[in-house]
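Reader: I have a new model open. Could you show me how to read the contacts and pockets in it?

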Amino acid sequence: MSIEIRPITPNIGAEIFGANLDSESDLETINAAFVEHSVIAIRGLELTPEDHLSFARTWGEINVNRFFKPVDGYPEIATVLKEADQTSAIGETWHTDHSYDKAPAMCSMLYAKEVPDVGGDTCFASQHAAYLALSDGMKRTLENMKAWHSSRHAFGASLADEEAHQDGRLGNEAAATQDALHPVVISHPLSGKKCLYVNGDFTTHFEGWTREESQPLLNQLYAHCSRADFTCRLRWEAGTLAIWDNRATQHMAMNDYPGERRLMHRITIEGVPLS
Ligand code: SIN
């Protein structure tokens, strides 16, 4: 079976079938699809944690998540888990992974181990499409603005997801000390395309503005960032590996499968400072 790329929407996302991760030419095709579609879902894999790690290392250095429970024996792989009796799902609101870091993670690689028969999809939104759809006036307003992002309120003592901290899916609160300032509109490090770069989980305020002053415009941008025509929705199957570009997308895990278990393994890859 030869590799086949099927776009999910014109703006974002592609499924990849028949990929052989040992084939140099398939790896090149996968990489090109990632640059073009920002989110790719490679179907039909059977990855051990070692396979997942060695594939990830071909993309760059691994950026170890500080707060997610690691997979036993694999500190570089984060567990993304919701048990049947748990109510909160990790990542259930729109966000960009690790935007609180000075050099935010380039991409995340999420491998589906156990998924509900129906539900538990992940939604992704193109932040290039979101930027393009802004008015010229708003583009000019945002062009030279920067915003602060922080891990403190999300993973620190205030515990945004209290249940996940109590049941041990999240931890290490004392390490939630990251604050980073990024442009509100970034030039994507690979494509040079402009992308909106604020997200509801980690952005706190605009540089030089108070939080109160920032919130109305941030709320407006968050609503805009996830407009339906910028999004795609990924339906998981066990054995799917999704890779998304954290500089070009936001994502949200659908928490719509009460009473069922969902288990994923996530690796994030180091990125670069954004400009
Ligand atoms: C995440 O936010 O990285 C997890 C997404 C998901 O579980 O679908």
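**Reading the ligand site**

Author: Gladly, starting with one contact: an N or O atom in the side chain of Arg-262 is 2.8 Å from an oxygen atom of the ligand. A polar contact is a pair of N or O atoms within 3.5 Å; within protein, one must be able to donate a hydrogen and the other to accept it, and residues adjacent in sequence count only if both atoms are side-chain atoms. This is a predicted model, where local features need pLDDT of at least 70, side-chain atom pairs count only at pLDDT 80 or more, and totals for chains, interfaces and linings use all residues. Residues are numbered from 1 along each chain as its sequence is written, and side-chain values use heavy atoms, leaving out hydrogens and water.

Reader: How far from an oxygen atom of the ligand is a polar side-chain atom of His-95?

Author: For His-95 the distance is 2.9 Å, and a polar side-chain atom of His-251 lies 3.0 Å from a ligand oxygen.

Reader: Which residues are around the ligand?

Author: A residue is near a molecule if one of its heavy atoms lies within 4 Å of it. Among those around the ligand are Val-80, Asp-97, Trp-244 and Arg-266.

Reader: How do I look for empty space?

Author: Rolling a probe the size of a water molecule over the atoms shows where empty space is left. On a 1 Å grid over the protein atoms alone, a pocket is an open set of points where a 1.4 Å probe fits, with protein on both sides within 12 Å along at least five of seven lines; lining residues have an atom within 4 Å of a point. Here, the ligand takes the space of the largest pocket; a molecule sits in a pocket if more than half of its atoms lie within 2 Å of its grid points.
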